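These are my notebook entries on a single protein chain. I set down what I looked up, in the order in which I looked.

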Amino acid sequence: MTQQQVRETMKCSPDYRRFSGKREEWEYRGAGDREGYERVVVVAFENGRVTDLDSFSEPIVPKMPILPFQSGRAN
């Protein structure tokens with residue numbers, strides 16, 4: 001299966017992409033089958049063709065708020 005065929009099957013672009021040498025991984029994330037979990041699908045390619053596929057459920061971890069930086073002064 002080619003990268004274009006994966007895009008057409010998944011009906012969207014990947015949420016995350018990783019590269020290492022000739023290997024490329026696409027990660028898709030979506031609603032899981034249990035509350036509080038999301039479904040993760042990772043598709044690996046070499047030379048533009050699928051070589052591996054992995055899927056699993058992962059707990060949704062709330063994102064920590066990012067606080068604005070405040071420079072402090074020594075007293």
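**Entry 1. Strand pairing.** How many bridges join β3 to strand β4, and do they run parallel or antiparallel? I found ten bridges between β3 and β4 (residues 49-59), and the two strands run antiparallel. Two strands count as paired if DSSP finds at least two bridges between them. Within this pairing, R39 has S57 of β4 as its bridge partner. I also noted that β3 and β4 form a hairpin with two residues between them, and that N47 in the turn has a positive phi of about 55°.

I then turned to β1 (residues 16-20), which pairs with β2 in the antiparallel sense over five bridges. R18 stands opposite E25 of β2. β1 and β2 likewise make a hairpin with two residues between them; here G21 in the turn has a positive phi of about 60°.

**Entry 2. Basis of the values.** The model is predicted, and for that reason I record that local features need pLDDT of at least 70 and side-chain atom pairs pLDDT 80 or more, whereas totals for chains, interfaces and linings use all residues. Residues are numbered from 1 along each chain as its sequence is written, and side-chain values use heavy atoms, with hydrogens and water left out.

**Entry 3. The chain as a whole.** I listed one helix and four strands in the protein chain, in the order α-β-β-β-β from the N terminus. Helices (H or I, at least four residues) and strands (E, at least two) are DSSP runs, numbered from the N terminus.

For overall dimensions, I read a radius of gyration of 18 Å, against near 11 Å for a compact globule of 75 residues. This radius is taken over C-alpha atoms, and the globule rule is 2.2 Å times the number of residues to the power 0.38. The C-alpha trace spans about 65 × 35 × 20 Å along its principal axes.

Of the 75 residues, 17% count as buried; buried means under 20% relative accessible area, exposed over 50%, and partly exposed in between (1.4 Å probe, protein chains only). Among contacts (heavy atoms within 4.5 Å) with a separation of 6 or more, 18% come from residues 24 or more positions apart.

**Entry 4. The nonpolar core.** Which residues make up the largest nonpolar core? I found six residues: V6, W26, Y28, V41, V43 and F45. Such a core is a set of buried Ala, Val, Leu, Ile, Met, Phe, Trp, Tyr and Cys residues joined through side-chain atoms within 4.5 Å. The elements that give two or more residues to this core are β2 (23-31) and β3 (37-46), and β3 supplies the largest share, three residues. In soluble globular proteins, nonpolar side chains tend to be buried together.

I then listed the contacts of F45 beyond its neighbours within four places in sequence; among them are T2, Q3, V6, W26 and V50.

**Entry 5. Salt bridges.** How many salt bridges does a search of the whole structure find? The search returns nine, each defined as a side-chain nitrogen of Lys or Arg within 4 Å of a carboxyl oxygen of Asp or Glu.

I followed those around E27, which lies in strand β2. E27 counts as buried because its relative accessible area is 8%. R18, partly exposed at 36%, forms a salt bridge with E27, with closest N and O atoms 2.9 Å apart. R29, partly exposed at 27%, forms a salt bridge with E27 as well, at 2.6 Å. The side chain of R29 also meets that of E38 in a salt bridge (2.5 Å, N to O). Through shared partners, salt bridges join R18, R23, E25, E27, R29, E38, E46, D52 and E58 into one network.

Beyond four places in sequence, E27 touches P14, D15, Y16, R18, V40, V41 and V42.

**Entry 6. R23.** I closed with R23, also in strand β2. Is R23 buried or partly exposed? At 26% relative accessibility, R23 is partly exposed. The side chains of R23 and D52 are joined by a polar contact of 3.2 Å. A polar contact is a pair of N or O atoms within 3.5 Å; within protein, one must be able to donate a hydrogen and the other to accept it, and residues adjacent in sequence count only if both atoms are side-chain atoms.

Leaving aside neighbours within four places in sequence, R23 is in contact with R18, A44, F45, E46, T51 and D52. The C-alpha atoms of R23 and P62 are 30 Å apart, with the two positions 39 residues apart along the chain counted as their separation.
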